[in-house]
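Dear colleague,

I am passing on the structure below for you to look through at your convenience. My notes on what was found in it come after.

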Amino acid sequence: MKINTLYILTIGLLLYIQQVYSVQQPATVIEIDTIPIDKSIYEAGVNNHIRISLWNRTKNDPVSLEVLQNVDSSIIEVVIFSKDLRSYAHFHMEDFPQYNGITILPKTANYFDIDYVFPIAGEYTIIVKCNIYKKIFRLYKDIHVEGKKETKMNLDNSILPVNIKNATVVYFKPVSLVNNKSIYHLPNIPHTLTIAEKDLKSEIGKATDPIYGAKITVQGGLSSGNCNNVIVEFFRVELKDGKISNVPVKDLFQYAKAPIKALISNEENHDFDTVQGNVIAKVSDGFPNCNSNPAPPKKKVFGPNFGLSIPFRANGLYQMIFETAHTYNKKTYLLTPHIAVRVAGKNETISYAPHDYVDDNNTYNEFIQQVANKQIVTTPVTNNNSTSTEKEAKTTVAATSTATASASSSASAKASSSISTSSSTSASATSTSASSSSTSTSASSTSISSSSTSASASSTSVSSSSTSISASSTTTSTTTSTTTTTTTTTTTSKTSETSATKSGDNLKSEKKPNVASPPNYEEKEDEELDSDHGKIIFIGAAGVITISGLM
């Protein structure tokens, strides 16, 4: 009898413990805050030194970089999008060793620094992707950038989405990577790289660099909360005997340890992501869905076909930009084709882009012209793990070039800009191949799983150069910003990674404290949203300015 009573009590105690621990634990809310260093506002057209700090809002404690694990090839991945989706940048924390080197940044720091030149005034979103507490977080913050009123974003005329019922062919100029170790953090403006099909012959005839094309196919219907398969086929465009031919590009290589990456941005409902793709032999081949790790490439070069499983977590207009790399005639290029798609609600009418559509927004042309006319000085920075000495090798670059812009009253006309360059330096790109492979296959539309995975990769120090541009005019109005957070929960839903939006004031800038001051959490309301690199390197060296569309 005593044994039975003891048995019953033991079972009851175990059931009680299970019930207590099965109760959902409070969600961990991670927030980022950003401040401009040495000034009170973000300014367009000049270099901005920006500090980004991480906070555990649940405990109101700083999140030390020590607890972070690699995501793909980096500790922290950074993307910056303009509100009109026409301008973006993509890089890693490790791309700034002059700020974030292991001998410079304190081990207990909860912040890191970057440099960036915003092209024009307006609203921007800074997105950070990182692995904290073995969970993937996508954190974002909206900021306001001051500048000339006449060069603000044209938000009244947004980019037009393609009709996914048909494959979209995009012709574009590549971004020249003159020297992989010279980093000039300028924005990429994809529409200035895109070429209309009717202009191909004339563009090929005058081009000094190759012209590429990409056929982009979105499979299945788009709906929020689902993954969609996207197939991208790369080719190079040639002109022989007055006829255009497409040559498949079969020797693409990894760009910062990723065969291909897709950057997606939805400013309407704040959904941002970077998605690594898969090398496929045929466009009909299957590949892992967005809940699985991509299959690593079996060779050092590959192409022309890639498959990506892209999650769309909200309705709205998405800009999708794809990144991979290619070497042609001993020159290395970054390829960045892009399309816009719209994830629509029921009964929503969509205005699709017409055939041979190229977005036209002249507000960015002044920025391109100003950069082209400036003398650019690059200062390579050597990050030595054993010493904190930085060797400076200054190279003055005379960018003797001009940029011309033409605009038509037609909605599909494209403002084109060009730069004549004096010299270039060839760069060799290296890549690594992985030994494992994945054999899982995804459907054209797959529900986003609750599982969260992260890929671990080793990070290396990168020699880079810091660059500054002098401003011709500045403003003194104050900066307003919105701090946003990502919440990670353990309940099963469309995805285990969710985000919450916050509003708050910027912090006062201080000179590299070990821990940044905590953001103000008062008067904030959570708005939960459902919620995976390489680096972009834009060069201003040897008379070559490789910002978007300028070669």
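The notes below begin with the chain as a whole and then turn to its aromatic rings and its cysteines.

Please bear in mind that this is a predicted model, in which local features need pLDDT of at least 70 and side-chain atom pairs count only at pLDDT 80 or more, while totals for chains, interfaces and linings use all residues. Residues are numbered from 1 along each chain as its sequence is written, and side-chain values use heavy atoms, with hydrogens and water left out.

The chain has 4 helices and 34 strands, taken as DSSP runs numbered from the N terminus (helices H or I, at least four residues; strands E, at least two). Of its 551 residues, 54% are buried, where buried means under 20% relative accessible area, exposed over 50% and partly exposed in between (1.4 Å probe, protein chains only). About 24,000 Å² of the chain is exposed, and carbon and sulfur atoms supply 50% of that area, computed by the Shrake-Rupley method with a 1.4 Å probe.

There are 12 aromatic pairs, counted where ring centres of Phe, Tyr or Trp (its six-membered ring) lie within 6.5 Å, with planes under 30 degrees apart called stacked, over 60 edge-to-face and the rest tilted. One of them joins tyrosine 42 and phenylalanine 118 edge-to-face, at 6.1 Å centre to centre and 80° between the planes. This pair links distant parts of the chain, 76 residues apart, with tyrosine 42 in strand β2 (residues 42–43) and phenylalanine 118 in the loop between β8 (111–116) and β9 (122–132). Tyrosine 42 is buried at a relative accessible area of 0%, and phenylalanine 118 is likewise buried at 0%. Phenylalanine 91 and tyrosine 116 form a tilted pair, because their planes stand at 55° with the ring centres 6.3 Å apart. Tyr42, Phe91, Phe96, Tyr116, Phe118 and Tyr124 form one aromatic cluster.

Turning to the cysteines, the whole structure holds 1 disulfide, defined as a pair of cysteine sulfur atoms within 2.5 Å. Cysteine 227 and cysteine 290 form this disulfide, with their sulfur atoms 1.6 Å apart. The two are 63 residues apart, cysteine 227 lying in strand β15 (residues 226–240) and cysteine 290 in the loop between β20 (278–279) and β21 (301–302). Cysteine 227 is buried, with a relative accessible area of 1%, whereas cysteine 290 is partly exposed at 21%.

With best regards
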